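Student: Got a minute to walk through this one with me? I'd like the overall picture, then some details.

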Amino acid sequence: MGEEGSLLIIIITLVISFVIGITLNHFWPLFFNNYGTTLHVIPKGTFGWPLLGETLSFLKPHPSNSIGTFLQQHCSRYGKVFKSHLFFSPTVVSCDQDLNYFILQNEDKLFQCSYPKPIHGILGKVSLLVAVGDTHKRLRNVSLSLISTIKSKPEFINDVETLALQILQSWKDKDQVRYWEEARKFSFNVIVKQVLGLTPDNPQSALILQDFLAFMRGLISLPLYIPGTPYARAVQARSRISSTIKAIIEERRRKHVVDGDSKNNDFLEILLCVDTLSEEEKVSFVLDSLLGGYETTSLLMAMVVFFIGQSQTAFDQLKEEHDNIRSTKEKELLNWEDYQKMDFTQKVINEALRYGNVVKFVHRKALKDVKFKDYVIPAGWKVLPVFSAVHLDPSVHPNALHFNPWRWESDEQISKKLTPFGGGSRCCPGFELAKVEVAFFLHHLVQKYRWEVEEGEQPIAYPYVEFKNGLTIRLHQNST
């Protein structure tokens, strides 16, 4: 046998060994189903194909107000808690209300945030979204303090309402709009004003928005760092956004030196006075704030308009509530007391969060062997609490596949039944600010317009949520 034949045999042997190695590594955890006890077992399920497992099926797009074929089939076959192999890791998937709550309440004790490594490459290693342990606690405490300070300032709600009125004024001669695009414009204008003190017509705002769109597309793309791919463009966009933020910070500091006390009243001004954060953490903090305030808020705004546009009864009660609030005022802007009166508005927002599912699931991993009811979750396994499965579970929410804001007349166990922003120590710190933005925009929208949603429109989970056609709505001005 010649050298070429010997080389071919070596190559074939290496390939076979590689395939056998991947296969054994993939299925090895299945041999430990009893896990040393007759009382607790790893949940039933299947690992799917070597390497990829069942990831592609799990991520298959479906309407966000459904749990999708994958979860339907697996819950029917294995129950609400099952094992799988997702994101290159043996995984326990939970569609169970009690287990999800247990996971969220035991952050850093039994479970820990564990997003795929490529996400870290885009968000950065000190991002609040991926940080764990003491680093996360320190960043979160700063975040809560900053948000509390912003909420206490009347400028925040005044800016929110002023920007909402500007968007609605731009619709004056239109009979239809792509609402999701408008919602994104509004939420971006609000967040850059609150965080960086930039107005919509500031050139830096347009620069950040352009890079931010590339950043968002890469966040949910195939993680291949090859020039020209969405992932590579996202990493580059983050670098440019960071440079822009650093330039704004340096300019702000120069003004402090020249002018003394600053006249700025924004998030960045407060952040610059925080001594417990490094320069890198401050830049990452601003980026996290832009991300949370832009994408999540605009999607929630779109969900509310989508569902209200299909419920005349809900629209009428919503309009009545805001007409009553406006009747007590002249032309002055809304205030916190007005927001407290928006009771039905809060129910509408809660129901849109439940039925629309802005966030489908989060990534966790077990820090040790965790026993829960009859199950054991092995140390090191990925754990995915699926919020949408609980939100759409008819045993938790009667008539779960119907939009019904009145179901929230009772707040009983709401923290277990509704987890759109996560829970426990990783609950989104800015969720209340997002609700204020939605409520204030709705206040003027329902008084000025009625609308119809374009036929065939649907929010689709990829698992990130997008509206299939951009949520085009036909506008009809209210006569009164």
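**Fold, core and cysteines**

Tutor: Sure. Keep in mind that this is a predicted model. In the protein, take the contacts between residues at least 6 apart in sequence: 71% of them join residues at least 24 apart.

Student: How many helices and strands does the protein have?

Tutor: There are 18 helices and 13 strands.

Student: And how much of the protein counts as buried?

Tutor: Of its 480 residues, 52% count as buried. The accessible surface is about 22,700 Å², and carbon and sulfur atoms account for 55% of that.

Student: Which residues touch the most other members in the largest nonpolar core?

Tutor: Trp171, Tyr179, Phe215, Phe441, Leu445 and Trp451. That core has 118 residues. Helix α12, residues 279-308, supplies the largest share, with 17 residues.

Student: Pick Leu445. What is it in contact with, leaving aside neighbours within four places in sequence?

Tutor: Leu168, Trp171, Tyr179, Val305 and Trp451.

Student: What about a second core?

Tutor: There is a separate one of 15 residues. Its members include Leu99, Leu110, Phe111 and Ala366.

Student: I was looking at Phe102. Where does it lie?

Tutor: Phe102 is in helix α4, residues 97-105. Beyond its neighbours within four places in sequence, Phe102 is in contact with Leu110, Phe111, Val370 and Phe372.

Student: Why does Phe102 count as partly exposed rather than buried?

Tutor: Because its relative accessible area is 22%, and buried means under 20%.

Student: What separates the C-alpha atoms of Phe102 and Gly424?

Tutor: They are 9.4 Å apart, although 322 residues separate the two along the chain.

Student: Switching to α9. What is its span?

Tutor: Helix α9 covers residues 203-219, 17 residues in total. From first C-alpha to last it reaches 25 Å, close to the expected 24 Å.

Student: What happens at the start of α9?

Tutor: A side-chain oxygen of Asn202 comes to within 2.8 Å of the backbone nitrogen of Gln204.

Student: Which residues of α9 are buried?

Tutor: Ser205, Ile208, Asp211, Phe212, Ala214, Phe215, Met216, Gly218 and Leu219. Phe215 also appears among the residues that touch the most other members of the largest core.

Student: Last topic, cysteines. How many disulfides does the structure hold?

Tutor: Zero.

Student: Why is Cys427 not bonded to Cys428?

Tutor: Because the sulfur atoms are 6.7 Å apart, too far for a bond. Cys428 has the closest cysteine sulfur to that of Cys427.

Student: Is Cys427 buried or exposed?

Tutor: Buried, at 18% relative accessible area. Cys273, by contrast, counts as exposed, at 58%.

Methods:
Residues numbered from 1 in each chain as written. Predicted model: local features only at pLDDT ≥ 70, side-chain atom pairs only at ≥ 80, totals over all residues. Heavy atoms only, no water. Core = buried A, V, L, I, M, F, W, Y, C linked by side-chain atoms within 4.5 Å. Buried < 20%, exposed > 50% of the residue type's maximum accessible area, 1.4 Å probe, protein only. Helix = DSSP H or I, 4+ residues; strand = E, 2+ residues; numbered from the N terminus. Contact = heavy atoms within 4.5 Å. Expected span 1.5 Å × (residues − 1). Polar contact = N/O pair within 3.5 Å; in protein donor to acceptor, adjacent residues only side chain to side chain. Disulfide = S-S within 2.5 Å. Areas by Shrake-Rupley, 256 points an atom, 1.4 Å probe, with all protein chains shown as cover.
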